[in-house]
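Here's a walk through one chain, element by element. Have the viewer open alongside and follow the residues as they come up.

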Amino acid sequence: MAYSKTENKDESGKDAGLEQVIIWLREDLIGELEAINQYQAHIDRIDNEEVRELLEHIRDDEKEHVAEITHLLARIDVIQREKFAEDHTMAQEDRVVSGSSSDADEKVATIGNLFGKK
C-alpha cells in the first residue's frame, strides 16, 4: 500500500505524527499478510514450475516485509513492544522483543531517529 508524500502531511503541511505512522504501518502489515495469502492461493493452483517458483519467491519477500514491519512496530509502539515481551506462547529468546526493558528502551525509535536524527 503506497501513500503519496502529500498524504503524510496535514492541512497545515506538517509531517504526520508517530500515531499516524503507526496506523499506516498496521495497514501496510494487513496488506502484506493479504498478499502472502493471495500468492499462496495461486501457488497451490498452478502446475507450471517456473511460475510457481517465481510466486514462491515473491511470497517469501512478502513474509520478510511482515517481519520488518512487525519489528519496526515493536520498536516504535510501546504497548505493542510490551505485548511482544509478554508473549507466553514462545520462549523468551524467540520473541520479537526479548523483554529486557533496558535493551528495548535503547531501541525505541522516534520520528527523529527514524529519519536519521536524534
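Leaving aside neighbours within four places in sequence, which residues is Arg52 in contact with? Ile43, Asp44, Ile46 and Asp47 are the ones. Keep in mind throughout that this is a predicted model.

## Arg52 and the start of H2

Arg52 has its place in helix H2. Its side chain reaches back to the backbone oxygen of Ile46, at 3.4 Å. Arg52 counts as partly exposed because its relative accessibility is 22%, and the cut-off for buried is under 20%. Going further back along the chain, Tyr39 is 13 residues from Arg52 in sequence, and the two C-alpha atoms sit 9.4 Å apart.

There's also a cap to look at here. Asn48 caps the N-terminal end of H2, with a side-chain oxygen 2.9 Å from the backbone nitrogen of Glu50.

## Overall layout

Zooming out, the chain has five helices and zero strands, so a topology string is easy to write: α-α-α-α-α from the N terminus on. Of its 118 residues, 25% count as buried. The chain exposes about 8600 Å², and carbon and sulfur atoms supply 51% of that. As for contacts between residues at least 6 apart in sequence, 49% join residues at least 24 apart.

## The two 28-residue helices

H1 has 28 residues and runs 41 Å from its first C-alpha to its last, close to the 40 Å expected at 1.5 Å a residue. What about H2? Its 28 residues should span 40 Å at 1.5 Å a residue, and its end C-alpha atoms are 41 Å apart, so the two values agree.

Both helices have a list of buried residues worth selecting in the viewer. For H1 they are Val21, Ile22, Trp24, Leu25, Asp28, Leu29, Glu32, Ala35, Ile36 and Ile43. For H2 they are Leu55, Arg59, Glu62, Val66, Ile69, Thr70, Leu72, Leu73, Ala74 and Ile76. An α-helix has 3.6 residues a turn, so residues three or four places apart point the same way.

## The nonpolar core

Which residues make up the largest nonpolar core? There are 10 residues in all: Val21, Ile22, Leu25, Leu29, Ile36, Val66, Ile69, Leu72, Leu73 and Ile76. The elements that give two or more residues to this core are H1 (18-45) and H2 (49-76). In soluble globular proteins, nonpolar side chains tend to be buried together.

Val66 is a handy place to look at how the helices meet. Not counting residues up to four places away in sequence, Val66 touches Leu29, Glu32, Leu33 and Ile36. Asp28 is another residue to check from the H1 side: its C-alpha is 8.7 Å from that of Val66, although the two are 38 residues apart along the chain. Is Asp28 buried or exposed? Asp28 counts as buried because its relative accessibility is 17%, and buried means under 20%.

## Towards H3 and the loop after it

Thr70 has its place in H2. Beyond its neighbours within four places in sequence, Thr70 is in contact with Leu29, Phe84 and Val96. Thr70 is buried because its relative accessible area is 15%, against that cut-off of 20%.

Arg81 has its place in helix H3 (residues 78-85). Why does Arg81 count as buried? Because its relative accessibility is 8%. A polar atom of the Arg81 side chain lies 3.4 Å from the backbone oxygen of Arg75. Val97 lies in the loop between H3 and helix H4 (101-107), and Val97 counts as buried because its relative accessibility is 9%. Phe84 turns up again here: Val97 and Phe84 are 13 residues apart in sequence, and their C-alpha atoms are 5.6 Å apart.

## Confidence

The chain averages a pLDDT of 80, and 70% of the residues score at least 70. Residues 1-6 stay under 50, and the model gives them six contacts beyond four places in sequence. Over residues 108-113 the pLDDT is below 50 too, and this stretch has nine contacts in the model beyond near neighbours in sequence.

Terms used: Residues are numbered from 1 along each chain as its sequence is written. Side-chain values use heavy atoms; hydrogens and water are left out. A nonpolar core is a set of buried Ala, Val, Leu, Ile, Met, Phe, Trp, Tyr and Cys residues joined through side-chain atoms within 4.5 Å. Buried means under 20% relative accessible area, exposed over 50%, partly exposed in between (1.4 Å probe, protein chains only). Helices (H or I, at least four residues) and strands (E, at least two) are DSSP runs, numbered from the N terminus. Contact means heavy atoms within 4.5 Å. Accessible areas come from the Shrake-Rupley method with a 1.4 Å probe; for residues, only the protein chains shown count as cover. A polar contact is a pair of N or O atoms within 3.5 Å; within protein, one must be able to donate a hydrogen and the other to accept it, and residues adjacent in sequence count only if both atoms are side-chain atoms. The expected span of a helix is 1.5 Å times one less than its number of residues. pLDDT is the predictor's confidence in each residue, from 0 to 100.
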